[in-house]
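Open the model in your viewer and keep the sequence panel visible. The tour goes from one selection to the next.

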Amino acid sequence: MKIKNITTLIAMLPTLLFAQQTVPISKAEVLEKVVQQNNKLKIGEQQVLAAKGDYNQTNAVFLPNITASHTGMATTNPLMAFGFKLNQEIVTQADFDPNKLNNPSQINLFATKFEVQQPLINVDGIFQRKAAKAKWEATQMQLARTGDYLSLETEKAYMQLQLAYKSVEVLETALKAANENLRLANNSFKQGYLQQSDVLAVQVRVTEVENQLQYAKSNVINASEYLAVLMNEEVSGVLKPTDSLMVSSELKAAETISNSRADIQAMEFAAEAYRQNYKADKMTFLPRLNAFGSYELYDDQIFQADANGYLFGAALTWNLFEGSKRFGKTQKSKAEFNKANLELEQYKAESQLELNKAKRMYQDAKNNLNLTELALEQSKEALRIRTNRFKEGLEKTTDLLMAETQFSQKQLEYYNTVFQHNYALAYLQFLTKN
C-alpha cells in the first residue's frame, strides 16, 4: 500500500509543481535580464579586463621604472669602511694612516637611493605591445559573439517554453474530449449500443492522454528552469510566456558570411596577435638601448642625509647568442602564426557551410509548416464529422478514437513545426549578423 502511494505521488509530482504560482514574462524582459545578469557574459567581461590588463602592462616599453630604497649597513672591512666614509664625505687626513686603513673601526652607513630606468629602444617590446592589443580586441569580439549566441539561446529557450505550454493546452483539450467520449461510450454501453471492449478502448485513450499531459507539464517546468538559469535569477514559481507562439516574419538572408561578424573578427585579431608575437621574437636579435640614473643620500644615522651624489648613463646591450633558444622560439611563433591563419580560413569555410545548411533547414521548415497547417485543418474537419456521426450512432468507436488521436497529433506537430520554423529563422539571423 505504501509503495502504491509513493508511486502515485511521484506520478503526480509534475502536476503539483505545475500548480505553483505562474510568473508571466515577455521575451523582451527575458532578453534584457540575460544581457544584464547572465554569468557567461560576466565571465567574458572579466576575460576582457584580464586581456586589457596584459595590454596595460606593455606600457613599460615606454614608461620608466622608478624604485626607492633605504639600507642600513655596518662593516669593519677595510675597503668597504673607507668607501663608506667617502660616500658620507667624512674622510680626513688621519684616515690615510696605514693602521686605520688596515684595521678600521666599525663604520655605519645608512643609504637612501632613488633609481630610474628608462627604456629608449626596445623593438621587440613594441611588437609585444601590439600583440597584447590584438589579443585584447579579440576578447572583446569574443564577448560580443557570446552575447549574440546567448540571445539566440534565449529565444530558443523562450520558444521551447511557449511550445511546452501549447502542448499542455492541446493535451488538456484532448483530455476533455476523451473524457466526453468516455461518457458517451458508457451511456451507449448501458443502452446496449456498444460492447465492453469499445468502452475499454476509450478508457485506454484517456489514460494515454493523461500520461502525455504529465510529460508536457514536466517539459514546462524544465523549460522554465532553464530560462531562469539563463537569466541567473531565482524564480518563485513557473515562468509563463506572455508572447504567444506565432510564425515569425520572413527575412532576406545574405548569401555569404560577413567578415565583420564578431567571431570571425575575433579570430582575425587572434591571428594578428600571433603575427606580432612572431615579429617580436625576430626583433630579439636586435640590441636594446636603455637609460638609467640614481640619486643617493648617505649618513651614519638612520633617515639622515648629510651627503649625496648621483649617477646617470645609458647602456646598449646586445644578446648575441643564447644557445639557439631564440631561434627555437622564433620558429615556434612562426608556426603558431601560420596555424592561426589556417584555422581562420577553415573557420570561414565551415561557417559558410553552416550558413548554406541553415538556409536549407529554413526552407524545409517553411515547406513543412505549410503541409502541417493543411493537415491540421483536414484532421480537424475529419474529427468534427466523425464526432457528429458517433453521437448519432453512425460511427465506430475505433474510428472516432483514431480521428481524435490524429487531430491532437496534428496540433502538436503544427506547433512543433512553428517552433522549428522560428528557430531556423533565428539561427539564420545569428549566422548572418554583422
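The expected span of a helix is 1.5 Å times one less than its number of residues. Keep that in mind for the first stop in this predicted model.

Select helix H9, residues 325-391. H9 has 67 residues, and the distance from its first C-alpha to its last is 92 Å, close to the 99 Å expected at 1.5 Å a residue. Now narrow the selection to residues 330-382, which an unreviewed UniProt entry lists as "coiled-coil region". This stretch is 100% helix and 0% strand, with 76 Å between its end C-alpha atoms. Then step just past H9 to Gly393, where phi is positive, at about 80°.

The same UniProt entry gives residues 161-188 as "coiled-coil region" too. Select them: the span is 100% helix and 0% strand, and its end C-alpha atoms lie 40 Å apart.

Next, show helix H6 (residues 123-190) together with helix H8 (residues 262-283). The two pack with their axes 8 Å apart, at an angle of about 165°. Angles over 145 degrees count as roughly antiparallel, so H6 is roughly antiparallel to H8. Their crossing is left-handed. Colour the contact by residue class to find 14 nonpolar, five polar and eight charged residues.

Finish with the strands. Select E3 (residues 107-121) and E5 (residues 288-299), which pair in the antiparallel sense over 11 bridges. Thr112 stands opposite Leu297 of E5. Add E6 (residues 307-317), which runs antiparallel to E5 and is joined to it by 11 bridges. Here Tyr298 has Ala307 in E6 as its bridge partner.

Notes:
Residues numbered from 1 in each chain as written. Predicted model: local features only at pLDDT ≥ 70, side-chain atom pairs only at ≥ 80, totals over all residues. Heavy atoms only, no water. Axes fitted to C-alpha atoms, helices over the stretch in contact; angles between N-to-C directions. Helix = DSSP H or I, 4+ residues; strand = E, 2+ residues; numbered from the N terminus. Parallel < 35°, antiparallel > 145°, perpendicular 65-115°, else oblique. Left-handed = near helix turned anticlockwise from the far one by under 90°. Nonpolar A, V, L, I, M, F, W, Y, C, P; charged D, E, K, R; others polar. UniProt positions renumbered as here; feature names shortened; annotations may be inferred. Pairing = 2+ DSSP bridges.
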